[in-house]
Amino acid sequence: MKQEKPKGVYRWALSYLRPYRKRLLILLSLTIVEIVSGLLLPWPMKFIVDHALGSEPASGPASDWMAGVISFLGANRVAMLALGCVAYLIFHYASEFISVAHTQMQQSIGQRLIFDLRRQLFGHLQSLSLRYHLKRGPGETIYHIENDSYCVESLTLGGVLPLASSAATLGAMFVVLLRMNWQVALLSLLVVPFLLWVNRHYAERIVDRSERVKTLEAGLINLFHEVFTSIRVVKAFGREPHEQQRFKDQGATTLDERIKLTLQESLYAAMINVVTTGGTALVLFVGGYNVYRQRMTIGDLLVALTYLGSVFGPLVTMSHTFGNVQASVASARRALRTLQTEPELRDRPGAVEAGRLRGHIEFRDVHFHYDDESPVLEGVSFDARPGQMIALVGLTGAGKTSLVSLIPRFYDVISGQTIVDGRDVRDYKLRSLRDQIGIVLQEPVLFTGTIADNIRYGRLDATDEEVIAAARAAYAHDFIMSKEDGYQTMLGGDEGIYLSGGERQRISIARAFLKNAPILIMDEPTSSLDARAEASIFETMRELMMERTTIVIAHRLSTVRDADKILALDGGRIIDEGRHEELLRRVPLYRELCERLAMGDIPAQDEMELANAEVA
Ligand code: DCP
Ligand code: MG
């Protein structure tokens, strides 16, 4: 799997800082204060060693100050020692305080950055096509939002900022050291090229490996998701051990890669330590030699060593979290690649608002296939006039669901045209087109929330009365009222109750009814309902259908029989169309299908009676 590597991830990550300029300014000020306070930290120690304990003349950059203090205290050694200790305390406490403020400010920016990227990813991922999501599975998507989004914080505040601050510290300390001893100052810079080399050598490897690990981890999430959303099947087949094994195998690969990654990260950290320790030893030797030759005081050497510590310290700490920064580069590449993925279905330039459609649907020589290119629809043409009810019948896999998916543009045709109200569906603004289509999917999907919320998903501004009317039409009102909390019954979540397949289906039918759209598509809407419920729903639907075009993929003879037109689909082609009696006469496949359908049916007369009895 060779994927291109988006360039400029740092620049991209830094661009997220833009809205936080003010906070960033405060953060930078705090960083500068921190650097300055870092410069001051070793001086009390030097004062104690050189002046309180030793008898060095004041030297170095602050010599005038030192000389002033010494003469003020009248060379009283104990007073000097005490003063040194007090200064030591004050400097360290102040630096601690500044560091708390710094962390706080950094968090307040960092968390906002992460949230911003999450929001952007969430929005963008939602805009990507069904095809994209069905191919990836939810694991990648969840991993993007949940995990990859951290990269924006760790690259900027965790990566660029500490590096810049280390560099600034190094610069400032170099200037101070230069005034104390130029040899030591130059030596402290010597480590820089080595550090850069170590970085270059390890960075790219770690990034690549991290990216692999992340893809594997996303795959693991997919596995969890699959198992736990299908837990019923897993249990029914007693496949827990099988899934456990699958998890173990997939987990083992991930684990392997992770461990290899850790090795590289530790090697990197070790190399950084080798370089910095080498540098420190060198300064210790040359500095010590200078002290021995009396070109430098012991206090000066202490200052130099402390400075080196404050430059190397952050570098070493960073080298331990370096893996994080590089992993963030990997995350950033993943996130950026996704953000650069263009939604497949875009509004064409000049696309129009659909407005209120009449619901005239026309297919003209439509060819369609999914990614694997084996034909699913081949030259499908038909015409559905406003107010008609079209039934789509065909064996499983004939392409029924695929056919109706083209109307709301879940997918685009490969060739031919899908036309609604005389206009190619691709010439409508996508959202406005879908606003005009009510859909009941083959698999009813409910969200966490109340039953009323779930129905209202069809039209968010519907009143309670409209929700109840839709539920009645979908033959759902009675069962809803039989629940303790009626329409306020919670579904999903901790307190959520469980609904039967038929109940779920009726809620999703009510949702589509509530939308009150001129086109209604129902993909086996009643497959888990008993004949009575189905008859009742189609009875109300007949009234509703007057003003709308309905395409129903049906599996009950009673529904099919009353359709204005029946399309018989076989292997992606419409083999015939017409009314029930005509097809019965002409199409052997249809006859066969009807015989099978009839077995699940009860005579139409009885259906009506039963339905009426139910209403009464
Ligand atoms: N197909 C595919 N990728 C998808 C969906 C379907 O490759 N995302 C394939 C599987 C079938 C063919 O397309 O071979 C037609 O699938 P449909 O879902 O359109 O078939 P039906 O709806 O007619 O079948 P069923 O009655 O089982 O729902
Ligand atoms: Mg189907």
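This report describes two sheets, a helix pair and a ligand site in a predicted model.

**The six-stranded sheet**

Six strands make up an open sheet with mixed pairing, and their order is β6-β9-β10-β3-β11-β12. At the edges lie β6 (437-440) and β12 (573-578), each of which pairs on one side only. The average turn between neighbouring strands of this sheet is 15°, with direction ignored. Helix α18, covering residues 501-515, packs on the sheet and touches β6 and β9 (519-523). The direction of α18 makes about 175° with that of β6.

At the β12 edge, β12 runs antiparallel to strand β11 (residues 565-570), and 5 bridges join the two. Ile566 has Gly578 of β12 as its bridge partner. Asp570 is bridged to Arg573 in β12. The hairpin of β11 and β12 has 2 residues between the strands, and Gly571 there takes a positive phi near 55°.

**The four-stranded sheet**

A further open sheet contains 4 strands in the order β2-β1-β4-β5, with antiparallel pairing. Here the edge strands are β2 (375-384) and β5 (423-424), and each pairs on one side only. Strand β1 (residues 361-369) is joined to strand β4 (residues 415-420) by 5 bridges, and the two run antiparallel. Within this pair, the partner of Glu362 is Ile419 in β4.

β1 also pairs with β2, in the antiparallel sense and over 6 bridges. Phe363 is bridged to Phe382 of β2. These two strands form a hairpin with 5 residues between them, and Glu373 in the turn has a positive phi of about 70°.

As background, strands of a sheet pair through backbone hydrogen bonds, either parallel or antiparallel.

**The α5 and α7 helices**

Helix α5 (residues 77-127) packs with helix α7 (residues 138-146) at an angle of about 155°, and their axes are 9 Å apart. Because angles over 145 degrees count as roughly antiparallel, α5 is roughly antiparallel to α7. From α5, the contact is made by Arg118, Leu121, Phe122 and Leu125. From α7, the contributing residues are Thr141, His144, Ile145 and Glu146. By class, this contact of α5 with α7 has 4 nonpolar, 2 polar and 2 charged residues.

**The surroundings of ligand 1**

The residues around ligand 1 include an unbroken run in the numbering: Thr396, Gly397, Ala398, Gly399, Lys400, Thr401 and Ser402. Tyr370, Val376, Gln442 and Glu524 are also around the ligand. Among these residues, Ala398, Gly399 and Gln442 have polar atoms paired with an oxygen atom of ligand 1, as listed below.

| Residue | Atom in the residue | Distance to an oxygen atom of ligand 1 |
|---|---|---|
| Ala398 | backbone N or O atom | 3.2 Å |
| Gly399 | polar backbone atom | 2.9 Å |
| Gln442 | side-chain N or O atom | 2.8 Å |

Ala398 and Gly399 are thus listed with backbone atoms, whereas Gln442 is listed with an atom of its side chain.

Note on methods
Residues numbered from 1 in each chain as written. Chains lettered and ligands numbered in written order. Predicted model: local features only at pLDDT ≥ 70, side-chain atom pairs only at ≥ 80, totals over all residues. Heavy atoms only, no water. Pairing = 2+ DSSP bridges. Axes fitted to C-alpha atoms, helices over the stretch in contact; angles between N-to-C directions. Contact = heavy atoms within 4.5 Å. Parallel < 35°, antiparallel > 145°, perpendicular 65-115°, else oblique. Nonpolar A, V, L, I, M, F, W, Y, C, P; charged D, E, K, R; others polar. Near = heavy atom within 4 Å. Polar contact = N/O pair within 3.5 Å; in protein donor to acceptor, adjacent residues only side chain to side chain.
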